[in-house]
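Subject: Structure handover

Hello,

Here is the structure you asked about, with notes on what turned up in it. Please read the notes with the model open beside them.

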Amino acid sequence: MNFSEVLAKLAAEGRLVRVKSEVDTAYEAAGIARAYEGRQVVLFEKLRGHSFPLAIGLLWNRDNLASVFDTTAEKLPFLFNDAVKSLHLNPVAPIVVDQAPAQAVLMPEPDLAKIPVPILAEKDGGPYFDNCVVIAKDPDTGVRNASIHRLMVTGKNRLGLLMDLGRHLRDYYERAEARGQALEITINNGVHPAYYVAAITPSAAAPIDVDELSVASALLKEPARLCKSKTVSVEGIADAQLIMEAAILPHVREPEGPFGEVSGYYAQRDDRWVVEVRAITHAVNPVISTLLPGKEVWNSVGLGVEPNIFETLSRQVKGLKKVYMSHGGSQYHVILQIDPPLNGMAKNAIMAAFACYPALQMVTAVNSDVDIYDAEDVERALVTRCDPARDIIIIRDALCHELNPVAPGGVGSKMGFDCTCPLPKERKYERVTFKEVNLADYDIEE
Ligand SMILES: Cc1cc2nc3c(=O)[nH]c(=O)nc-3n(C[C@H](O)[C@H](O)[C@H](O)COP(=O)(O)O)c2cc1C
Ligand SMILES: [Mn+2]
């Protein structure tokens with residue numbers, strides 16, 4: 001299934017809305033998409049001055065995403081986790097195919113203005129691609145890497161790029177730059193979510209000497225399909241909607257940003273890396289894809305982080321039932337559902353969770369009678385089962401996430417809330433329940 005087939009499947013299930021009115025790529029498309037955040041995928045059929053349609057929101061609803069993989073929202077994180085594990089157990093290497101749908105049309109001259117790249121947030125520095133899979137090759141070993149990077153359109157064939165510290169792409173680039181060389185890349189837009197999941201596999205699970213595109217093979221149940229590029233020595237994704245063949249230039253930095261980031265705050269404008277686009281190929285009638293930083297990212301990051309925390313903690317503590325990276329927590333808050341057999345063990349679970357994922361700022365532990373997907377239920381546990389003097393853990397000056405404004409330079413404090421009931425559980429903690437009924441059994445006029 002390619003990206004447009006994924007959209008067709010979602011449409012057939014009522015999981016996609018079509019915007020028929022002509023819409024501007026600057027601010028307007030994002031404003032409409034925002035109103036659907038967490039619900040259906042939004043397909044903009046007519047964008048002012050453009051011929052290609054644009055889809056936003058493939059990842060913001062777990063039921064939609066689960067349907068793409070023929071599974072349920074509850075099972076989805078474990079499906080992704082198994083695919084990541086296959087990297088070390090039985091990786092299925094990508095193949096390079098001859099006839100790539102992504103290369104059906106070659107733009108005579110690369111021109112980014114021909115692609116409907118939206119300006120998303122009101123103070124963004126320009127139009128942004130923010131969900132493209134960037135593929136590169138290690139300049140020394142040739143091992144392929146895939147990752148997602150925001151890219152600001154700054155010219156007809158020029159983009160500004162962000163590479164955070166520790167990214168494999170940055171490591172490759174710095175070695176190429178030290179030799180005065182550009183780092184060739186392909187930038188793949190409009191891919192099956194299996195490729196996106198492969199690209200966001202954390203470096204702890206996919207070290208620098210491993211080709212994480214095999215994660216896509218595992219999810220697709222067939223080898224990931226790549227294609228030889230026309231102007232660079234790095235492959236593209238054969239079933240992508242559009243591929244930009246490009247290079248990150250050595251010793252060049254230009255202003256990039258601001259960008260309304262997933263934290264809900266703007267990343268500031270600064271001199272950053274520069275990408276020169278050398279060729280653009282695309283499918284026949286391509287559908288361009290982008291995401292709105294927010295639920296789409298919390299969801300997709302959470303789907304990777306949750307099973308990892310679940311498995312790691314389950315080796316150390318007992319009674320762990322579920323893990324959820326809550327959306328209100330902007331990927332910095334994880335909720336553990338746990339019925340620990342011993343007093344104090346929930347606090348151990350909280351500490352272990354912090355160790356699993358450095359970006360975490362907050363961990364909340366609740367018992368299994370609390371719905372961790374319901375923010376009100378969790379808040380209720382906080383005010384009725386967490387004694388602030390005893391049940392809050394504070395860890396000062398630990399490594400956090402540099403995008404979080406409360407952690408300057410990526411260093412900040414972390415806080416854990418133990419909202420589990422002390423054992424033996426006193427009757428005062430018993431929650432009120434009502435008889436379960438099936439409304440379909442009753443004659444009710446609404
Ligand atoms: C939507 C989205 C956007 C991202 N944008 C960036 C970015 O602009 N710069 C960056 O360094 N990492 C970004 N990331 C994170 C990396 O893509 C991610 O950590 C990836 O696993 C890194 O791959 P690597 O381990 O091969 O370096 C983004 C992740 C997502 C989900
Ligand atoms: Mn990597």
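Helix 8 and helix 9 are oblique to each other, since an angle of about 130° falls neither in the range of 65 to 115 degrees that counts as roughly perpendicular nor over 145, where roughly antiparallel begins. Please keep in mind that this is a predicted model. Helix 8 covers residues 295-314 and helix 9 residues 345-356, and their axes are 10 Å apart. The crossing in which helix 8 passes helix 9 is right-handed. On the helix 8 side the meeting residues are Asn308, Ile309, Thr312 and Leu313, and on the helix 9 side they are Ala349, Ala352, Ala353 and Cys356. Sorted by class, this contact has six nonpolar residues, two polar ones and no charged ones.

Helix 8 also packs with helix 4, at an angle of about 80° and with the axes 8 Å apart. That angle makes helix 4 roughly perpendicular to helix 8. Helix 4 contributes Leu76, Pro77, Phe78, Phe80 and Asn81 to the contact, while helix 8 contributes Leu303, Gly304, Glu306, Pro307 and Asn308. The classes here are six nonpolar, three polar and one charged. Asn308 of helix 8 is thus listed in the contact with helix 4 and also in the one with helix 9.

Helix 4 has a further partner in helix 7: their axes come within 8 Å and cross at roughly 120°. This pair is therefore oblique, and its crossing is right-handed. Ala83, Val84, Ser86 and Leu87 of helix 4 make the contact with Ser214, Val215, Ala218 and Leu219 of helix 7. Six of the contact residues are nonpolar, two are polar and none is charged.

How much of helix 7 is buried? Seven of the eight residues in helix 7 (residues 213-220) are buried, so the helix is mostly covered. The buried ones are Leu213, Ser214, Val215, Ala216, Ser217, Ala218 and Leu219. They pack against helix 4 (76-89), strand 8 and helix 6 (193-199). Just after helix 7 comes Lys221, with a positive phi of about 60°.

Next, the ligand. Ligand 1 is surrounded by 21 residues, of which Ser147, Arg150, Asp164, His168 and Ser203 are the closest. Strand 8 (144-148), helix 5 (168-178) and helix 8 are the elements that each give two or more residues to this shell. The shell divides into nine nonpolar, eight polar and four charged residues. Two of these elements have come up above: helix 8 packs with helix 4, and strand 8 is packed against by the buried residues of helix 7.

Some backbone details may be worth a look before you set anything up. Most residues other than glycine have a negative phi, and most peptide bonds are trans. The following depart from that.

- Gly257 and Pro258 are joined by a cis peptide bond, with omega about -5°. Pro258 sits in the loop between strand 14 (242-256) and strand 15 (259-260).
- Leu423 to Pro424 is also a cis peptide bond, with omega near -10°. Pro424 lies in the segment after strand 23 (411-418).
- Asn285 has a positive phi, near 45°, and is not a glycine. Its place is in the loop between strand 17 (270-282) and strand 18 (288-290).
- Ser330 likewise has a positive phi, of about 45°, without being a glycine. Ser330 is found in the loop between strand 19 (320-325) and strand 20 (333-338).

Are Asn285 and Ser330 buried or exposed? Asn285 counts as exposed because it has 12 C-beta neighbours inside 10 Å, and the limit for exposed is 12 or fewer. Ser330 has 23 such neighbours and counts as buried, because 20 or more are enough for that.

One last item concerns the start of the chain. Ala8 belongs to helix 1 (residues 3-12). Ala8 has 14 other C-beta atoms within 10 Å and is therefore partly exposed. Between the C-alpha atoms of Ala8 and Asn90 the separation is 31 Å, and these two residues are 82 residues apart along the chain.

Regards

Notes. Residues numbered from 1 in each chain as written. Chains lettered and ligands numbered in written order. Predicted model: local features only at pLDDT ≥ 70, side-chain atom pairs only at ≥ 80, totals over all residues. Axes fitted to C-alpha atoms, helices over the stretch in contact; angles between N-to-C directions. Helix = DSSP H or I, 4+ residues; strand = E, 2+ residues; numbered from the N terminus. Parallel < 35°, antiparallel > 145°, perpendicular 65-115°, else oblique. Left-handed = near helix turned anticlockwise from the far one by under 90°. Contact = placed C-beta atoms within 7 Å. Nonpolar A, V, L, I, M, F, W, Y, C, P; charged D, E, K, R; others polar. Near = placed C-beta within 6 Å.
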